[in-house]
Amino acid sequence: MKSSALFVFILACSTFLNTTTTFGQKLDQKQLEAAAGKYATRSFTLLKELLSIPNDAFYPEDIEKNVQWCEKEFSKRGFATTRIETKTVPLLLAERKHPKAKKTVLIYLQIDGQPVDSTRWFQETPYTPTLKKPGKSVGWEALPWDSIVDYQDDWRVFARSASDAKGPVAMFLTALDATGELRIDPNYNVKVIMDFEEELGSPQLPKAVTENADLLKADMLIIFDGPRHISNRPTLTFGARGIATLQLTTYGPVVPQHSGHFGNYAPNPALRLSKLLASMKDDDGRVTIPGFYDGISITPETEKILKSVPDNEELINYRLQIAEADKVGSYYQAAIQYPSLNIRGMQSGWIDEKVRTIVPSWARAEIDVRLVLESDPNRLIGLIKDHIVDQGYYLLDRVPTKGERLKYPKIVTMTHEVSYQSFRTDFNSEVGLWLTRALNNAFGEEPIRIRMSGGSIPISPFVTTLNIPAVTVPTVNRDNNQHSPNENLRLGNYREGIKTMIAILAEPL
């Protein structure tokens, strides 16, 4: 059947089953939109089923259910699957070869999700996908799931991992269904690597990639993860910061003490920790530890790339409800080119309904350090250690002994882990130009191309070990509450994500 006949079939929303598009043939924007709309509606059962499987990586028995689900679904679509065993839970590789293919594309999908606090979700459970529409005045109004067949773009599905990152998994499987029934074959081999511990920092990934380099061999890597630009326009991201994590604990009395009896006598570890953390950054949010930003410079060429991203910082601040931003960079894109030092959580004593009048026995801070290529993570951690010692603390990597508590007035326990380094890929690389063509064909405009995202994804082992370039194709809405209660996926983004992935599968390489 000729492409003109196919076009008529699609516009008429009739069956695609008898379509005989040729090897590598592309669809135009209208054809892609029609296909994405049809297959999105057909896939909502798949999406709901996937989101209903608990996927906190702290519970391996739940992860096993996700592994089995992925094995089943990829096998249905003609992929051979292989478990890559690790000392915790496996990675899963799915592979499908295509006739005459000269290139191999490796696709990264994340299956696990952040832990949940069910008490802060406005629905039965985070693993019961719930359809909602914007409320008449504020908030969200729940709808019967069956209403999804007549969805509007601004309706959303609320569930853990709806956006980060099971939504993109469902999009990809749906795009495979669409191209399969349309008989549009990629002119490249497809390998899909599925990670079930991404939210734990993918601790087994570097070793697994090294030991299975031949199995994972490819010419380029695509990551289907993350939110589009805040404008919600088609986006490509060519890098991401890496991440290291630290835990700091300060100490007071060996057990909590009555604040009336010992409030002016026993040192308060919460106060000491607060002062220690405050010594690391100034009021503008810049790290004051000497050398922390060494090696980072924004050249005129880089400045041009960064300023080509159409950020509306007034809108960003409005959505965050902040009066002004930190001054690490003079604008948003510049800020995320630097390593960060972020306090991601603190704890000491008790608060709210459990508050009590005590001097706490300890205080703890959890810190993440976002990494950039120009910074050695071990060097940054060394600088933080040196700074803590300079503040008069005796530094340990374990709980202090009684003798140490009696000898040293100020003690800090510090533990740390480097999860993975950052990566960056050139805009004009083969994978960059190919994906740009695909998105241009799908949406009739150049995608927003971002040099590096602020978030982190565990891709550097692939880039460094396999020596392949990587690009992220984000699809979900930016206001999705990922990592937080009431995570959601906008259904207009779900459909356009399917459209994006169909376009990529149909784009000759």
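# A guided tour from one salt bridge outward

Select D479 and R156 to begin: the two form a salt bridge, with their closest N and O atoms 3.0 Å apart, where a salt bridge is a side-chain nitrogen of Lys or Arg within 4 Å of a carboxyl oxygen of Asp or Glu. The pair links distant parts of the chain, since D479 sits in the loop between strand 20 (470-472) and strand 21 (488-490), R156 belongs to strand 6 (residues 156-158), and 323 residues separate them. D479 counts as partly exposed at 36% relative accessibility, whereas R156, with a relative accessible area of 9%, is buried; buried means under 20% relative accessible area, exposed over 50%, and partly exposed in between, for a 1.4 Å probe and protein chains only.

Before going on, note that this is a predicted model, in which local features need pLDDT of at least 70, side-chain atom pairs count only at pLDDT 80 or more, and totals for chains, interfaces and linings use all residues. Residues are numbered from 1 along each chain as its sequence is written, and side-chain values use heavy atoms, with hydrogens and water left out.

## The sheet around strand 6

Now show strands 5, 4, 6 and 21, which in that order form an open sheet with antiparallel pairing. Helices (H or I, at least four residues) and strands (E, at least two) are DSSP runs numbered from the N terminus, and two strands pair if DSSP finds at least two bridges between them. The edge strands here are strand 5 (140-143) and strand 21, each of which pairs on one side only. From one strand to the next the twist averages 35 degrees, with axes being lines fitted to C-alpha atoms, for helices over the stretch in contact, and angles running from 0 to 180 degrees between N-to-C directions. Strand 6 and strand 21 are paired in the antiparallel sense over three bridges, and if you select F158 you will find it opposite N488 in strand 21.

## A second sheet

Move next to the open sheet of five strands, whose order is 13-15-11-17-16 and whose pairing is mixed. Strand 13 (342-347) and strand 16 (394-396) stand at its edges, each with a single partner strand, so one side of each has no neighbour in the sheet. Direction ignored, neighbouring strands of this sheet are turned by 25 degrees against each other on average. Strand 16 runs parallel to strand 17 (residues 411-420), and three bridges join them; Y394 is the residue to select opposite I411 in strand 17.

## More salt bridges

The structure holds 27 salt bridges. Which residue forms a salt bridge with R77? Select E73, where the closest N and O atoms of the pair are 2.8 Å apart. R77 counts as buried at 12% relative accessibility, and E73 likewise counts as buried, at 3%. Widen the selection to E49, K72, E73, K76, R77 and D177, which are linked in a network of salt bridges.

Then go to E404 and R398, whose side chains meet in a salt bridge at 2.7 Å, N to O. E404 is buried, with a relative accessible area of 11%, while R398 is partly exposed, with 37%.

## A pocket and two cavities

Select G252, P253, V254, R405 and L406, which lie nearest the centre of the second largest pocket among the 16 residues that line it. On a 1 Å grid over the protein atoms alone, a cavity is a set of points where a 1.4 Å probe fits but cannot get out, a pocket is an open set with protein on both sides within 12 Å along at least five of seven lines, and lining residues have an atom within 4 Å of a point. This pocket has a volume of about 330 Å³, and helix 14 (residues 402-407) gives the most to its lining, with three residues.

How many cavities of 30 Å³ or more are there? The count comes to two. The largest cavity has a volume of about 60 Å³, and to find it you can select T86, V89, P90, L91, D195, F196, E197, S202, Q204 and L205, which line it. The second largest cavity, at about 40 Å³, is lined by L277, M280, K281, L341, N342, I343 and I367. Each volume is the space filled by probe spheres set on the grid points, which are joined across faces, edges and corners.
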